[in-house]
Structures are given as structure tokens and as C-alpha cells.
Amino acid sequence: MSVAPEHAPKMAQASFAHRLGPWMPVLLIPVLIVLGFLAIPSSTSWLTLTVSGLAMGMMIFIMASGLTLVFGLMDVINFGHGAFVSVGAFVGVSVLLVLGQMTSAPSLALNLAALMVAVFGAMAATGLMGWAFEKVIVEPVYGHHLKQILVTMGGLIVVEQLIIVLWGPEEIYIARPEALKGAVTFAGAALEKYRLVAVAIGLVVFLAMRWVLRRTKIGLIVRAGVENGEMVQALGYRLRLVFVGVFIAGSALAGLGGVMWGLYQEVITAHMGNQAMILIFIVVIIGGLGSVEGCFIGALLVGLMQNYVAFLEPKVALISNIGLMVAILMWRPMGMIPVVKAK
Amino acid sequence: MSDPILRLEGVYTNIAQYHILQGVDLEVPRGAVTMLLGRNGVGKTTTLRTIIGHWRAHQGRILLDGEDISRMPTPAIARAGVGFVPEEMGIFADLTVEENMILAAVSGPIDPARLDWVFSIFPPLKTFWKSEAGNLSGGQKQMLSIARAMVEERRLYLIDEPTKGLAPAIISTMARALKELKEQGASILLVEQNFSVARALGDGANVMDDGRMIWSGQMAELSTDAALQERLMGLSMEAH
Ligand SMILES: Nc1ncnc2c1ncn2[C@@H]1O[C@H](COP(=O)(O)OP(=O)(O)O)[C@@H](O)[C@H]1O
Ligand SMILES: [Mg+2]
């Protein structure tokens, strides 16, 4: 069978710079860590800050990952996503308070069991809430960005008020389970156990998401849908159903992130989700709307930046992240891992 | 002859406030290649998009094997056996060739024998099986787009300008692919501006102008009558 010239293999000769391109965003993480090392006078402080930066990044990633897919799939801008963070935190923390006997016992097994119940409760509650939120608030405004912004913000306010009605207006303090208190010492630096656990959970969530997106048919449908939803439907898949599933999963993940964030801060308020939204949006935008990998890298960059700068110059911590966003958008206007949209 | 696989009866489609299709009638017989012809912008693509359900017919009926599909959602129309190759190809650039094909096989795992057949028609797809579709050349993307429709047997294939913008060597690959599909007894509705391809493949021919069908007959009749072509399409197809 004759093969026309244009069919000849021609992908092998891509230049080094071209092959490096996709890896550039990943390389930014070690670059930022090295810059932190150079800027921070004490290497033990640097190590501590790096671990808390990564921990914070992982939590932001968990909170943000659903939002990026929701936008990518249906072009839906959900300003109400923070509601799931708050509700997750309140449900999870309430469960932990009820299980106080288990969390205060010096038994790792009991602590973990309590945490599992709290996380499961928080994710079930926020997943269910995501399903209702999608149906009642998001579905009527498909395709209308301005309405989406207004309506989802309204939804967030309603949820915050409901939290205040149910749990009262005061912030709630929460102690971490015994096994997660304290720190381990490594190379002279004190590394909080909780932060190490947060890093581990974040990694597991990221790898699991990646696995689902790359190795399962439903994952393929989601990735294809982010690129060209119309074609996914023309192949015979019900995009709307897939979207609802992603919305529910993303809401449950935000709930998980809320529990983790609450235990990180050791205090929760009805507005915590709304407050986290600034960082979540920065991460989703610099990652590239619709890209889970971009969201992950962006979250780690933002977490590290926030911690390094807060140490060096506390007043400019948030500004530094906005600066990071501006710099990245000047470099890649569609975010670090731009998603090719067929439109 | 048996009933047509597809019949459009007085189909009107609006896009925003524009009345694009204004009463399209069309019959696609079984086991034949039916050409949909006409100048640029007359509504050929809109007709195919209305059949697959991307646009909604505001009036009229679209009968697939006698069943009205004009109110069915797109995924249901696809699962009823309509394979769609859009004008802009619609490949998923972030996915590999393999992943594109896996998605195209909606009713289950890819049938290996059928895949071998597809590979025999489009060898580059085998070469680049594990590569991202976005890295393919334009011609290879078009091959993938058609291969996705071919990977399962469909009741009806809707194919929109499969040779648009391609080099002559690749156009002949496309033509051979469509010919093989036709030889398998497939029913195809084909939009094609390349006249030699149209003449080689077409059984029936339908010519549109300004959102309406202005002529329907046999391709053989149209391809030998330069005056008719001139009248219907404002240019002689022989010239191409
Ligand atoms: N999305 C759209 N919005 C507005 N007008 C459109 C759109 N798509 C097509 N049209 C118009 O509909 C008419 C028919 O287009 P099309 O079906 O693509 O023609 P063809 O495929 O025959 O070249 C053209 O006048 C075109 O400008
Ligand atoms: Mg067209």
C-alpha cells in the first residue's frame, strides 16, 4: 500500500526547545523552590516553609480541581464553588466534634477512623449539595456567563446564611486529632505532621484524578468534552450527564478540601470558602481553564509563593500571587497548560 | 426499491435570527452514496448539522428509517446509528489517535478485524496510534475523523467535505476510503466540492441553493450536463 509523502513520520524531529515546552510549567516549581532557598536566609525556615507551601498548594488544588473541569466542560463560571468548601468544613468538623472521644484518644487507628467518617460525611453532604446546586442554580443559566456569575454568587450567599442559621454566627475552633498534632524534625527543621499528611493526600487525589482522566472511558469523555463537547455528543455520549457527574465529584472534592483547610487553620467560619475563592480562581486561571494538571502546578506555585512571601514580607503575600498570575498570563495568556478549544 | 434510510420533509432551520434552511426536502437511499452539492454558504453543512441535531429543525420532519428524529437529542441520534464527520473534523487534539478511536466505538470495545480494515485504508493511523491527534498533519486528522465514523458499522454516514484543503495524494486516499465504505453497502450522505471525487462516488445528487433543494436526480446525469451545472451551481463543475 503506497503511502503519500505527507504521511511520512515527522514528529520525531521536534527541536529540544519544542519538546521542553510542555514541561516548562512543571519546571517552574523547582525554580520557585530554589529562588525561595536563595531569598530565605535560614535553610531550616526554608524547608519548613516549603513543606507548608506544598501542603497549602495541595489543599488549594483539591478545592479547585472540580471548578476547572466544570468550566472546561460546560463553560460554566461558578462563583459559588466556595460554598462547598465551607459546608464541607462545617459538616466534617461537626462530625469530628461529635467523635471527640475518638480524636482525642492517643490511638492512630481511632483518630483515622474518626477522620474517615468526617471526610466521608463532608464529601457525601457536599456531593449531594452539588447535585442540587447544579440542578436548581446552574442548569437554568447554561450559556449565559453574566447570569452564571450573579446567580452562583447569590447561591453562595444563601449557603453562607444557611450555615449561620444551622451552626450559629460564631467561628468554631477545632483541635486536630492527637496523631496529627506536633511535628517531626528533619534536617533540623520542624515539619508539622498535619502538613505532611496534607501533601500525601493531595498527591493521592491528583494521581487518582489523573488515572481516571487518562485510563478510563469516562475520563476520556471528560477530556474530550473539555475540548469539543459538541463532537462528544455527536459520537453518542450524553455530555450533560457527564457534566452533572463532574459537578458532583468536584463539589465533593471541594468539601474534602474544606475539611482539610479547616483542620489546617484549626478554625472554621461560614465565609472561609468565599475567602479561599480568590486563591482558587488564581490557580484555575494560571493553570489553564479546564486543565487538571495545570491546576495542580498552579496550586503548588501559589502555595509556595504565599508561604515564602508571607515569611519575607507578610504584607505583600496576596499581591505576590496576583503578580504571579499576571506574569504567567503575560507568558501564556491561556494559562500554563492551555486547553485547545474547538470553537 | 426499499424505503430510503433518511428522508427530510420540509425542514426549516433558524440560526439565531437567520432563516438558514427554508424547506429542505431530501431522500437518501440505502446502500448508496448521495451527494449534497451547491455553492458555498447555501446550507449544506447546516443540513447535516440539523440531521445530527446540533441545530434544531423548527419545522418539518427528519425520518431515519421512518422514525422522526428531529426532536431527539444528538447523542440518541448518534446511537441510533448515524456517524458524523463534521466539516471542521472535530478530532480531539489532546487525546491520542487510539483514544479518539476508543471514544468513537460507542457500543463497546473496538472490533479488531474492523480496525485492521481501517488501518489498511489509513496506514498513518496505525503508525501514529499512540500519538496525540493534535500532532497529526491536516490530512491525517481528516483520516482520523473519517476513521472514527468507520470504526463501527453505522446505519448512515454524514460526511462533510472530506477533501477540503487537502493535497491531491491525500484526496485520493480519502476517495478510496469512501469507495471501500460504499462497497460494504454503507448508506452515505456526502458533501463534496471536488468534482472528480463527486463523480466517481456519487449515485444520487442533490443541489441546494439559498436554503432549499433546487434539483435532485442522478449524479451521472448532472456530471455530463455542463449547462445544468452552470444553471444549478453558477459554474461548470468540469472546470475543477
Ligand atoms: N453559526 C452560524 N451563525 C450564523 N450564521 C451561520 C452559522 N453557520 C452558518 N451560518 C450561515 O448559514 C448559511 C449556510 O451555511 P453552511 O450551511 O455552512 O453552508 P455550506 O456548508 O453550504 O457552505 C451561510 O450563509 C452561513 O453564513
Ligand atoms: Mg459547509
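Author: On a 1 Å grid over the protein atoms alone, a pocket is an open set of points with protein on both sides within 12 Å along at least five of seven lines; a cavity is a set where a 1.4 Å probe fits but cannot get out; lining residues have an atom within 4 Å of a point. This is a predicted model, in which local features need pLDDT of at least 70 and side-chain atom pairs pLDDT 80 or more, while totals for chains, interfaces and linings use all residues. Residues are numbered from 1 along each chain as written, chains are lettered from A and ligands numbered from 1 in written order, and side-chain values use heavy atoms, without hydrogens or water.

Reader: What makes a residue part of the lining of the largest pocket, and which lie nearest its centre?

Author: The 4 Å rule decides. By that rule 46 residues line the largest pocket, and P22(A), R214(A), I337(A), D94(B) and E132(B) lie nearest its centre. The pocket holds about 1,700 Å³ (the space filled by probe spheres set on grid points, joined across faces, edges and corners).

Reader: Which helices supply at least two residues each of that lining?

Author: Helices here are DSSP runs of H or I with at least four residues, and strands are E runs of at least two, numbered from the N terminus. On chain A they are helix 1 (16–20), helix 2 (24–39), helix 8 (193–215), helix 9 (217–234) and helix 12 (292–312); on chain B, helix 3 (97–104). Helix 9 of chain A gives the largest share, 6 residues. By class the lining has 22 nonpolar, 9 polar and 15 charged residues (Ala, Val, Leu, Ile, Met, Phe, Trp, Tyr, Cys and Pro are nonpolar; Asp, Glu, Lys and Arg charged; the others, Gly among them, polar).

Reader: Which helix gives the most to the second largest pocket?

Author: Helix 9 of chain A again, with 7 residues. That pocket has about 710 Å³ of space. Of its 31 lining residues, N228(A), G229(A), E230(A), Q233(A) and L239(A) are closest to the centre.

Reader: How many cavities of 30 Å³ or more are there?

Author: The count is 2. The largest has a volume of about 70 Å³. Residues of both chains line it, including M231(A), L235(A), F84(B) and R148(B). Its lining divides into 8 nonpolar, 2 polar and 2 charged residues. The second largest has about 50 Å³, and its lining splits into 3 nonpolar, 3 polar and 3 charged. N228(A), R49(B) and H54(B) are among the residues that line it.

Reader: What makes strand 2 and strand 5 of chain B edge strands?

Author: Each pairs on one side only: strand 2 (18–28) and strand 5 (67–68). Two strands pair if DSSP finds at least two bridges between them. The open sheet has 4 strands in the order 2-1-4-5, with antiparallel pairing. Strand 1 (residues 6–15) and strand 2 share 8 bridges, so they pass the test of at least two. R7(B) has E27(B) of strand 2 as its bridge partner. Helix 1 (residues 44–52) packs on the sheet, touching strand 1, strand 2 and strand 4 (57–64) of chain B, at about 105 degrees to strand 1. Contact means heavy atoms within 4.5 Å; angles run from 0 to 180 degrees between N-to-C directions of axes fitted to C-alpha atoms, for helices over the stretch in contact.

Reader: Why is chain B called as compact as a globular protein of that length?

Author: Its radius of gyration is 17 Å, close to the 18 Å that the globule rule gives for 240 residues, so the description holds. The radius is taken over C-alpha atoms, and the rule is 2.2 Å times the number of residues to the power 0.38. Chain B has 10 helices and 10 strands.
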